[in-house]
Amino acid sequence: MRFKDKSVIVTGGGGKIAKAYAMAFAKEGAKLSLPDIASADCIVKGIKDMGGTAISMACDVSNEQSVKAMVEETVKQFGTVDILINNAAYFMSVWKGPFWEMTVEEFDKAMAVNVRGSWLCAKARRSC
Amino acid sequence: MRFENKSVIVTGGGGKIGKAYAIGFAKEGARVALPDIASADHVVKAIRDMGGTAISMACDVSDEKSVKSMIDEVAKQFGSVDVLVNNAAYFMTVKKSPFWEMEVDEFDKAMAVNVRGSWLCAKAAFPYMKQQGKGKIINISSGTALNGGQNYIHYVTSKGALIAMTRAMAKEVGDYNICVNTVSPGFVVTEGRPVDAAFNASRVANRALKRVQVENDLVGTVMFLASSESDFMTGQLLNVDGGAHFVG
């Protein structure tokens, strides 16, 4: 139980890769926080059904206020944040095409979620 | 005269490093375009005084319309867009702080100029290069992406992004005989730049070639990547820092 009582955030926690991370951490005693823009309730249930501890919340990692609220809620419920996995990414629904046909909105979205989002989560974690 | 009648764009052309590139290209016959948010008139004058051809224009590389207008103007005046050096960067006035104290606006600014700007310029240059059947794009990254420079995470991240961007761009435009490569400069002490002596000494000590890096140290590599001598090289990162880091 390497992560007994450790608090672990896995952003994008409702996705399949995140589920794999979350289940593995839970099996080793971690308390899981699973923020996502989509629901992660099924994963929370899966962890609770095996006797583990998990919470989820709506969170847009590209938004500073949303991220701050997410980290604060995790700290409130679990006491601390020991590990942050910046897994959330704009990927599954990315527009694919030649770079010379891409729109600025699409480009900016990837930067906002994948780059800014990872920084914001690390920033909020560092500040708690 | 490797660049006789070639059209070369150096974004951020009014800066000292931009000037070094521009003069280097001009000496080898290139017609040089120097878009910048600040004036590049002094560089244009220097090139014309030596008998070369140069133009400058106001351009905000983070703005799609501004970039398109700039590229179209270069094509109109010079008849082609052969080489694009994505040199423009938000750097000299970056706000430095630990990443947990940085503001979103500051972070976004570095991404907009350094990452989006380089993409927008390549996007606008592509139709001309495709039509010409050849082109060269050089993205200027930074050694800070290799060593994890502290207290300006937005700048470091943006320069790391360019290394990845180059690889993806290279794959997308290879069919059109367009090469895309990256140069990562080390810490450059440009002419007249005030530098903390202890910091500079530590940089020098960390190099295999123990001296201060100046802007002219980068010119040869950039020109090589812009020349036909590198026609079968694309998607690569060339690190120019006196042997502080080793890549590849």
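Student: Which elements of chain B do the buried residues of α8(B) pack against?
Tutor: The model is a predicted one, and in it helix α8 of chain B spans residues 216–226. Its buried residues are B:Leu218, B:Val222, B:Met223, B:Leu225 and B:Ala226. The elements of chain B that these residues pack against are β1 (7–10), α1 (16–27), β4 (83–86), β5 (135–140), β6 (178–185) and β7 (237–240).

Student: Within what arc do the buried residues of α8(B) fall, seen down the axis of the helix?
Tutor: The residues to place around the axis are B:Leu218, B:Val222, B:Met223, B:Leu225 and B:Ala226, which are the buried ones of α8(B). In general, an α-helix has 3.6 residues a turn, so residues three or four places apart point the same way. The buried residues of α8(B) line one face of the helix, because, seen down its axis, they fall within an arc of 155°.

Student: Is B:Thr166 buried or exposed?
Tutor: B:Thr166 is part of helix α6 of chain B, and, apart from neighbours within four places in sequence, it is in contact with B:Asn139, B:Val180, B:Asn181, B:Thr182 and B:Gly235. A residue counts as buried when 20 or more other C-beta atoms lie within 10 Å of its own. Because B:Thr166 has 26 C-beta neighbours inside 10 Å, it counts as buried.

Student: How does the radius of gyration of chain B compare with that of a compact globule, and what is its value?
Tutor: Chain B is built from 8 helices and 7 strands, and its C-alpha atoms fill a box of roughly 45 × 35 × 35 Å along the principal axes. Of its 248 residues, 50% count as buried. A compact globule with 248 residues would have a radius of gyration near 18 Å, and chain B agrees with this, its own value being 17 Å.

Student: Which helix gives the most to the side of chain B that touches chain A?
Tutor: The two chains meet where 17 residues of chain B are in contact with 15 residues of chain A. On the side of chain B that touches chain A, α4 (104–132) and α6 (153–173) each supply at least two residues. With 10 residues, the element that gives the most to this side is α4(B).

Student: How many residues of the side of chain B that touches chain A are nonpolar?
Tutor: The side in question belongs to a contact in which chain B takes part with 17 residues. By class, this side has 5 charged residues and 1 polar residue, while the number of nonpolar residues is 11.

Student: In what order do the strands of the open sheet of chain A stand?
Tutor: Read along the sequence, chain A follows the pattern β-α-β-α-β-α-β-α, and 4 of its strands form an open sheet whose pairing is parallel. The edge strands, each pairing on one side only, are β3 (53–58) and β4 (83–85). Strands β1 (residues 7–10) and β2 (residues 31–36) of chain A pair with each other over 3 bridges. The order of the sheet is β3-β2-β1-β4.

Student: Which strands of chain A does helix α3 of chain A lie across?
Tutor: Two helices of chain A can be placed against the strands, and one of them, α2 (residues 41–49), lies across β2 and β3 at about 170° to β3(A). The helix asked about, α3 (residues 64–78), runs at about 160° to β2(A) and lies across β1, β2 and β3 of chain A.

Student: Which residues are exposed on the other side of α2(A) from the buried ones?
Tutor: The buried residues of α2(A) include A:Ile43, A:Val44 and A:Ile47, and they line one face of the helix, because they fall within an arc of 100° seen down its axis. That buried set packs against α1 (16–27), β2 and β3 of chain A. On the other side of α2(A), the exposed residues are A:Cys42, A:Lys45 and A:Asp49.

Student: How does A:Lys48 count, with its 14 C-beta neighbours inside 10 Å?
Tutor: A:Lys48 belongs to helix α2 of chain A. A residue is buried from 20 such neighbours upward and exposed at 12 or fewer. Because A:Lys48 has 14 C-beta neighbours inside 10 Å, it counts as partly exposed.

How values were computed
Residues are numbered from 1 along each chain as its sequence is written. Chains are lettered from A and ligands numbered from 1 in the order in which they are written. This is a predicted model: local features need pLDDT of at least 70, side-chain atom pairs count only at pLDDT 80 or more; totals for chains, interfaces and linings use all residues. Two residues are in contact if their C-beta atoms, placed from the backbone, lie within 7 Å. Ala, Val, Leu, Ile, Met, Phe, Trp, Tyr, Cys and Pro count as nonpolar, Asp, Glu, Lys and Arg as charged, and the others, Gly among them, as polar. Two strands pair if DSSP finds at least two bridges between them. Axes are lines fitted to C-alpha atoms, for helices over the stretch in contact, and angles run from 0 to 180 degrees between N-to-C directions. The radius of gyration is taken over C-alpha atoms; the globule rule is 2.2 Å times the number of residues to the power 0.38. The arc is that of the directions from the helix axis to the C-beta atoms.
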